[in-house]
Amino acid sequence: MPAPLVIANWKMNGSLEKNARLLNQLLTKLDTLEYLEVGICPPFPYLPQVSDHLSQSRINLGAQNVSAFEAGAYTGEVSAAMLREFGCRYILLGHSERRLLCQESNDQVTAKFEAVLKAELTPVLCVGETLEHRQRGESESVVSTQVQTVLDRVGIQGFANAVIAYEPVWAIGTGETATPEQAQAVHAQIRRILAGHDAAIANQLHILYGGSVNAANAQTLFSQKDVDGGLVGGASLEANAFLEICKAAHPGTHFDL
Ligand code: PEP
């Protein structure tokens, strides 16, 4: 199993001043967590600023969205090659806020996944069910379809350098978190789907949990067998909370940050 991974999704938050303050509080401390991968996904305009801050650190840069297209008349869009030029490694895809607010379909998310692979970046495929789905007992089938649609198009090799984030929609930004058992059940199901095609790829794939992860609940979520780290929204904007979450993901707990 590779080192755990924690990715910060800043969403549409920040300013030049706030970003600099947050990064100054985070970076030297994060760099001491040697057996942990960390990514930070700021809004597009701040990519150069954050990239500069990260240049002397082990932390990777990421982006929150990408176009499925390479170039052309797509006003307001940003291509994977452009994100690569600015030093991005991780690209979030299919975040539930984009699926809901921008009506992104599984097919569009799949096309973006392919574009990210083509640019040799790492897609972070976000999947998850709504509260209605869960109440109807459809969590597993919704998540299966979201994973399977991409798998059908890119094949299992497309997951050799990818990340999946299970983010139950009802837990994102709500303060409500999946129980460790609920998270583990869905993570195990995702890994089983992929293992049915290639066990080695399934075993080395990071499957992150996202949805109101905070300093208090991170440890129990990350201790689940198939939870390989987290995708963190709100709590990633607060230095101490994010550091605590990263500490919780790092194997061995005796860190004074
Ligand atoms: C997210 O935006 O991916 C997320 C998990 O947000 P939050 O941690 O605020 O629920």
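Biologist: Which residue in β7 does Ile164 stand opposite?
Modeller: In this predicted model, β6 covers residues 163-166, and β7 covers residues 206-210. The two strands pair in the parallel sense over 4 bridges. Across from Ile164 in β7 stands Ile207.

Biologist: What is the bridge partner of Leu125 in β6?
Modeller: β5 and β6 run parallel and are joined by 4 bridges. Leu125 has its partner in β6, and that partner is Ile164.

Biologist: Are the residues of β6 buried or exposed?
Modeller: Val163 and Ala165 point one way from the strand. Ile164 and Tyr166 point the other way. Buried means under 20% relative accessible area. On either side of β6, these residues are all buried.

Biologist: Which helix gives the largest share of the lining of the largest pocket?
Modeller: This pocket holds about 360 Å³ of space. Its lining has 15 residues, with Lys11, Met12, Gln64, Asn65 and Arg98 nearest the centre. The largest share, 3 residues, comes from residues 96-101, helix α4.

Biologist: Which element gives the most to the lining of the second largest pocket?
Modeller: About 200 Å³ of space lies in this pocket, and 18 residues line it, including Arg99 and Leu100 among those nearest its centre. Two or more residues come from each of α4, β5 and α7. The element that gives the most, with 3 residues, is α4.

Biologist: How many residues in the lining of the second largest pocket are polar?
Modeller: Gly counts as polar in this division. The lining has 6 nonpolar and 4 charged residues. The number of polar residues is 8.

Technical notes: Residues numbered from 1 in each chain as written. Predicted model: local features only at pLDDT ≥ 70, side-chain atom pairs only at ≥ 80, totals over all residues. Heavy atoms only, no water. 1 Å grid on protein atoms, 1.4 Å probe; cavity = no way out; pocket = protein on both sides within 12 Å on 5 of 7 lines; lining within 4 Å. Points joined across faces, edges and corners; volume = space filled by probe spheres on them. Buried < 20%, exposed > 50% of the residue type's maximum accessible area, 1.4 Å probe, protein only. Pairing = 2+ DSSP bridges.
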